[in-house]
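The following note sets out numbered points for a colleague who is examining this model at the bench. Each point may be checked against the sequence and the coordinates as displayed.

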Amino acid sequence: MKPTCRSCRHCPDVQEYHEHPASGNPIVALAGNPNTGKTTLFNALTGNNQHTGNWPGKTVLRTTGRFNFRGKTFTVVDLPGTYSLHSNSADEQVARDYLVFGRPDMTVVVVDASCLERNLNLVLQVLEITSQAVVCVNLIDEAARKQIAVDLSRLSQELGVPVAGTVARTGKGLPELVMTVDDICTGRIVPAPKRVVYDQEIEAEVQRMEPSLRSYVPKGLSPRWMALRLLEGDQTMLQIIRDHNAAPDLFEAGGLRNASV
């Protein structure tokens, strides 16, 4: 019998994505802006082994798939295409909540090589939530036609996480991407994202709030990330803290990770 979440209203329905604690099979989330080729990458990885439905309580499409590599079955969750994770729309809320509460083993952030600067906003937001990530620079063929070349090694150094170049439509670069995904999941690669430093006033407030938040935030969530959301006035975060204090066992290891609404 799969565990269910008894009272948390904020975590998404992740029940079918969390079969792997017993089997050891990893879960990979795909995030990215619209029109980056994220769905093409998802189809290339999973083929016909897909399942489609809706996120609970939403009209937002939920698509999952699977692929095999090195004797393991990877479950891939194709998150809605979004420009940010600020929860300003249903798509953004689903994507953010899954990364925060679904806790996938790792996240592939897909970006368009021909408009990298616009896509990096989402990359940095994802890296504030999780260090278990790889940036997939897709559409490198389209960028080349526009005489744009991306220095993948330099980008990796600047971000502190692995970067892979792909053409999902043709399959170019996918073997290297999948190998990197597995290496992160198994700990052979340990990403170390560089922290975004905000204005001095914001950083001072974050430093002031972090110590107090450590005993209140659910286990596994960054007090720094929570402090930044509270400074933005995100009321959802206040409710999460209230729920955590009302039922802290739901947020312990194995709680939200294996929970569904």
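1. Aspartate 141 counts as buried because its relative accessibility is 17%, and buried means under 20%. This residue is found in helix α5, which covers residues 140-145. Apart from residues up to four places away in sequence, aspartate 141 touches Val167 and Arg169. The model is a predicted one, and the values in this note should be read accordingly.

2. Threonine 75 belongs to strand β4, residues 72-78. With a relative accessible area of 10%, threonine 75 is buried. Its C-alpha atom is separated by 5.8 Å from that of glycine 65, although the two residues are 10 apart along the chain.

3. Is glutamine 93 buried, partly exposed or exposed? Its relative accessibility is 26%, so glutamine 93 counts as partly exposed, the class between under 20% and over 50%. Helix α3 is where glutamine 93 is found. Leaving aside neighbours within four places in sequence, glutamine 93 is in contact with Lys58 and Ser87. Between the C-alpha atoms of glutamine 93 and threonine 82, which are 11 residues apart along the chain, the separation is 9.5 Å.

4. The largest nonpolar core deserves a point of its own. It has 28 residues, and those with the most contacts inside it are Trp55, Leu79, Tyr98, Val123, Val135, Val137 and Leu159. At least two residues of this core come from each of β1, α3 (90-102), β5 (106-112), α4 (116-129), β6 (133-138) and α6 (152-159). Helix α4 gives the most, with 5 residues. In soluble globular proteins, nonpolar side chains tend to be buried together.

5. Which residues does valine 123 contact, leaving aside its neighbours within four places in sequence? The contacts of valine 123 are Val109, Val111, Val135 and Leu159. A second, separate core has 20 residues, and Leu30, Val108, Val110 and Ala164 are included in it.

6. The next item is enclosed empty space. Rolling a probe the size of a water molecule over the atoms shows where such space is left. Counting those of 30 Å³ or more, there is 1 cavity. The largest cavity holds about 50 Å³ of space. Its lining consists of Val28, Leu30, Leu45, Phe67, Val76, Val108, Leu177, Val178 and Val181. The elements that give two or more residues to this lining are β1 (27-32) and α7 (174-186). Of the elements, α7 gives the most, with 3 residues. By class, the lining comprises 9 nonpolar residues, with no polar and no charged ones.

7. Helix α7 may be considered further. It has 13 residues and reaches 18 Å from its first C-alpha to its last, close to the 18 Å expected at 1.5 Å a residue. Which residues of α7 are buried? They are Leu174, Leu177, Val178, Thr180, Val181, Asp182, Asp183 and Ile184. An α-helix has 3.6 residues a turn, so residues three or four places apart point the same way. Glycine 187 follows α7, and its phi is positive, near 90 degrees.

8. Two places may be revisited in the display. One is the largest cavity, to whose lining α7 gives the most. The other is the largest nonpolar core, to which α4 gives the most.

Terms used:
Residues are numbered from 1 along each chain as its sequence is written. This is a predicted model: local features need pLDDT of at least 70, side-chain atom pairs count only at pLDDT 80 or more; totals for chains, interfaces and linings use all residues. Side-chain values use heavy atoms; hydrogens and water are left out. On a 1 Å grid over the protein atoms alone, a cavity is a set of points where a 1.4 Å probe fits but cannot get out, and a pocket is an open set with protein on both sides within 12 Å along at least five of seven lines; lining residues have an atom within 4 Å of a point. Grid points are joined across faces, edges and corners, and a volume is the space filled by probe spheres set on the points. Helices (H or I, at least four residues) and strands (E, at least two) are DSSP runs, numbered from the N terminus. Ala, Val, Leu, Ile, Met, Phe, Trp, Tyr, Cys and Pro count as nonpolar, Asp, Glu, Lys and Arg as charged, and the others, Gly among them, as polar. A nonpolar core is a set of buried Ala, Val, Leu, Ile, Met, Phe, Trp, Tyr and Cys residues joined through side-chain atoms within 4.5 Å. Buried means under 20% relative accessible area, exposed over 50%, partly exposed in between (1.4 Å probe, protein chains only). Contact means heavy atoms within 4.5 Å. The expected span of a helix is 1.5 Å times one less than its number of residues.
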